[in-house]
Structure formats: C-alpha cells, structure tokens
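Work through the exercises below with the sequence and the structure side by side, and try each task before you read its solution.

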Amino acid sequence: MQKNKYSYVWVSLVILVFGIIFIPKIIDRVQSGTIVQSDRMNVKDSNAKLAFVEINGEKRKVPPFAFINQDSLLISNEDYLGKVYVVEFFFTTCPTICPIMNKNLVQLQDELKEFEDFGVASFTINPEHDTPAVLKAYAEKYGITNMDWHLMTGELTDLYALANSGFNIFAAQVPEAAGGFEHAGLFALIDKDGYIRSRVDKFGNPIVYYRGTITQEEGENDHGEQEQISILKEDIKKLLEE
C-alpha cells in the first residue's frame, strides 16, 4: 500500500512537470497556428494520394504563359503538355534560397534522367538582369542538362502576375532584402494535363506546394520543418506513371 502511495506521488509529479513545461508551448503553437502549419506540411506517407488543387470546386490548371528561355526560344504552357514538371520562381543573383532550390532541382534532374517526360519551369523575378544569355550561363553553372528545363524571362508585370496571381507563390521587389527581391521557396508540381497536383496531409487536404529550401541531406531546418524533396521525387514518379 505504501509503495502504491509513492507511485501515485511520482506520477502526479511527472504530470505536473509536463504541464508546466510543455502545455504553455503547445497552447502558444495552437494560438499562433504553427502547430497546424508544421503538422500539415510535414508529410511523409509514401502511399499518400495525389490530389488536385481546387478553387471553388474546380481543378486548378496552370495559367497560360509564354516567355523566352535561355536559348532565346519562346516557351509556353502548351510546350509542357504531356510532361510532368516542377515550377519555381527564382533570380540568378539570389544570395540566399535560390542556390539551394536549384541544387535540389538538379538533384531531381539527375535522379530522374531516365524519364523523358519530366521537366522544370524556372521563372526569373528579375528579368531586367536575367537575360537569356545570363540564364544560359546560370544553367551551365548549375549543371542543368534536361532539355525540358526552361529558365524563362519576359515582362516584369507578366512574371509577377504569374507568380502572385497565377500560382499564389509570393514574389516581390524589396530593395532592403538580400539581393533586392523576396520570394517563397516553394515548388509547384504539375501533371501531364497541366493541373497543379500534390499529396494530401493527414487531414485530407492538399499540401499544394513543396518546400524547396531544405536539402535531403539536411533532413529538416532550424524550425523543425522537414525536407520535401524526397516526397516530391516520389510524387513526380507517381504522375509519370499515370
């Protein structure tokens, strides 16, 4: 009986300590919304179904676009029909996240080189500097060899409309930011028919975009966000097999 009494005391003490240390942190995360965001984006189920991204019940397609690529060729969304591809927004003089994003995409390029129907669409958000010649040099520097990886430039207003309205991937000119621009380090995954696709989270909602700023080698960043290049690769293969 005495032993049970001491056991109850220890259990009560452990519960009290847990409550003091962890519950306030959990409450803060719930109130700030980070617990939902973190849990929603940390997706690892390799059997997860790939969903269509929908708006008002309609499957969302890539909006029409036409820009000049690194070879001075006009490339449109129709050139990607029949291919599975990844969309990114970047700029060649980016000193922060773009090198990581393109390192990840080159890794995908190299690991998926046996698939002829895989491509990448990279849109610059600094077209004044990023001419076709500059984009060509950037492609050579990063080892971009996929014939369906187009680095595109064009009118600034058209590029920003595509990013912010077409894909809802943030991009803006911010003079005080590193490199003079800010943008989200996200990848969009597009199927062969031009629809935006992604796997779903544990709540059944599409994650919509994939993190592009964490490498597989890192695993996760300082905020506890997990890399999503590995699941992006899995999902690209699923769409290639559809």
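Helices, of type H or I and at least four residues long, and strands, of type E and at least two residues long, are DSSP runs that are numbered from the N terminus. The model used throughout is a predicted one.

**Exercise 1. An overview**

Task: State how many helices and strands the protein has, and what share of its residues counts as buried.

Solution: Begin with the elements, of which there are 7 helices and 13 strands. Next turn to burial, where a residue counts as buried if its relative accessible area is under 20%; of the 242 residues of the protein, 45% meet this description. Finally, consider the contacts between residues with a separation of 6 or more, of which 71% are accounted for by residues 24 or more positions apart.

**Exercise 2. Partners across the sequence**

Task: Locate proline 63, leucine 240 and lysine 49, and for each of them name a residue that is distant in sequence and give the C-alpha separation.

Solution: Start with proline 63, which lies in the loop between β3 (58-59) and β4. Its C-alpha atom is separated by 8.8 Å from that of glycine 194, although the two residues are 131 residues apart along the chain. When residues up to four places away in sequence are not counted, proline 63 touches Asn77, Leu162, Gly166 and Phe167.

Continue with leucine 240, whose place is in helix α7. Leucine 240 has a relative accessibility of 12% and therefore counts as buried. From phenylalanine 115 it is 125 residues apart in sequence, and the C-alpha to C-alpha distance is 8.0 Å. Once neighbours within four places in sequence are left aside, the contacts of leucine 240 are with Val84, Phe115, Asp117, Phe118 and Lys192.

End with lysine 49, which is placed in the loop between α3 (34-41) and β1 (50-52). The cut-off for an exposed residue is over 50%, and lysine 49 is exposed because its relative accessible area is 66%. Lysine 49 and aspartate 201 are 152 residues apart in sequence, while their C-alpha atoms are 9.4 Å apart in space. Not counting residues up to four places away in sequence, lysine 49 touches Ser198, Arg199 and Val200.

**Exercise 3. Two packed helices**

Task: Describe how helix α4 and helix α7 pack, and decide whether they are oblique or roughly parallel to each other.

Solution: Two packed helices are described by the angle between their axes and by the distance between those axes. For helix α4 (residues 98-111) and helix α7 (residues 229-240), the angle is about 40° and the axes are 11 Å apart. Angles under 35 degrees would count as roughly parallel, and α4 and α7 are therefore oblique to each other. The crossing in which α4 passes α7 is right-handed. On the side of α4 the contact is made by Asn104, Leu108 and Glu111, and on the side of α7 by Ile229, Leu232, Lys233 and Ile236. Sorted by character, the residues of this contact are 4 nonpolar, 1 polar and 2 charged.

**Exercise 4. An annotated site**

Task: Find which residues the UniProt entry marks as "binding site", and examine why they can be said to gather at one spot.

Solution: The unreviewed UniProt entry places this feature at Cys94, Cys98 and His183. These residues span 90 residues in sequence, yet no two of their C-alpha atoms are more than 10.1 Å apart, so they gather at one spot.

Now take two of them in turn. Cysteine 94 is found in the loop between β6 (84-90) and α4, and cysteine 94 is buried, with a relative accessible area of 7%. Apart from residues up to four places away in sequence, cysteine 94 touches Pro99 and His183.

Histidine 183 has its place in strand β10 (residues 181-183), and histidine 183 is buried too, its relative accessible area being 11%. Leaving aside neighbours within four places in sequence, histidine 183 has contacts that include Cys94, Cys98, Met101 and Phe170.

**Exercise 5. Positive phi angles**

Task: For serine 72 and asparagine 168, give the phi angle and the location in the chain.

Solution: Serine 72 is not a glycine, although its phi is positive, at about 65°. Serine 72 lies in the loop between β4 (66-68) and β5 (74-76). Asparagine 168, which is also a residue other than glycine, has a positive phi near 60°. Asparagine 168 lies in the loop between α6 (156-167) and β9 (171-173), and at 46% relative accessibility asparagine 168 counts as partly exposed.

Notes. Residues are numbered from 1 along each chain as its sequence is written. This is a predicted model: local features need pLDDT of at least 70, side-chain atom pairs count only at pLDDT 80 or more; totals for chains, interfaces and linings use all residues. Side-chain values use heavy atoms; hydrogens and water are left out. Axes are lines fitted to C-alpha atoms, for helices over the stretch in contact, and angles run from 0 to 180 degrees between N-to-C directions. Angles under 35 degrees count as roughly parallel, over 145 as roughly antiparallel, 65 to 115 as roughly perpendicular and the rest as oblique. A crossing is left-handed if the near helix is turned anticlockwise from the far one by less than a right angle, and right-handed if clockwise. Contact means heavy atoms within 4.5 Å. Ala, Val, Leu, Ile, Met, Phe, Trp, Tyr, Cys and Pro count as nonpolar, Asp, Glu, Lys and Arg as charged, and the others, Gly among them, as polar. UniProt positions are given in the numbering used here, feature names are shortened, and annotations may be inferred rather than shown by experiment. Buried means under 20% relative accessible area, exposed over 50%, partly exposed in between (1.4 Å probe, protein chains only).
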